[in-house]
Amino acid sequence: FRSMACLPDTVLHRVYAHLSPGQQGIASRVCDRWHYAWVLHHRSWSSLDLHRRPQVVTDAVVASLAQRCGPGLQHLNLSACSVTDCALQALAEHCPNLRTANLTCLRAITEGCVLDLCRATKMEVVELSGCLRIDERALRGPLAPYCDLVGEEEMEGFSPD
């Protein structure tokens, strides 16, 4: 190849698969061709697992990915990432087909925004353990249809030993 801009989509998609979300954004600025390949790469994603580099996954990163993935995104893992309600609002706006979300240990998200996300999407299951601003009352109340809670009766006979 005479130029990096001439790389086939399949090669560019493989390059993007090895980069963090922040690095992907930088690489997408190489030229229009790389940006277009990045957009197509993200639109083909039905699952995003971002928990491996939680310190670089911010509201802005999630908002950008939500716009690029759009309706194709169905499964998302944001466990322990540095995001707030702003990220959930972007997902609710751009990802109507989202079905599962691991939001464990997101300390800044609120019950209202999680409920808005669930209602704006096709949410089946949302994981919320370790979310400090969401209490058990919310988990057993308005969020119950989306949470798989283990009740006391189901724990009968089990011991911590």
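The protein presents an accessible surface of about 9,200 Å², of which 52% belongs to carbon and sulfur atoms (Shrake-Rupley method, 1.4 Å probe). The model is predicted, with local features requiring pLDDT of at least 70 and side-chain atom pairs pLDDT 80 or more, while totals for chains, interfaces and linings use all residues. Residues are numbered from 1 along each chain as its sequence is written, and side-chain values use heavy atoms, without hydrogens and water.

Of the 161 residues, 43% count as buried, that is, under 20% relative accessible area with a 1.4 Å probe and protein chains only. The protein contains 8 helices and 4 strands, taken as DSSP runs (H or I, at least four residues, for helices; E, at least two, for strands) and numbered from the N terminus. Along the sequence their order is α-α-α-β-α-β-α-β-α-β-α-α. Among contacts (heavy atoms within 4.5 Å) between residues at least 6 apart in sequence, 66% join residues at least 24 apart.

Attention now turns to the largest pocket. A pocket is an open set of points on a 1 Å grid over the protein atoms alone where a 1.4 Å probe fits, with protein on both sides within 12 Å along at least five of seven lines; lining residues have an atom within 4 Å of a point. The volume of the largest pocket, the space filled by probe spheres set on the points, is about 220 Å³. Its lining comprises 14 residues, with Leu19, Ser20, Pro21, Asp49 and Leu50 nearest the centre. Helix H1 (9-17), helix H2 (21-27) and strand S1 (47-49) each supply at least two lining residues, and S1 gives the largest share, 3 residues.

Notes:
Buried < 20%, exposed > 50% of the residue type's maximum accessible area, 1.4 Å probe, protein only.
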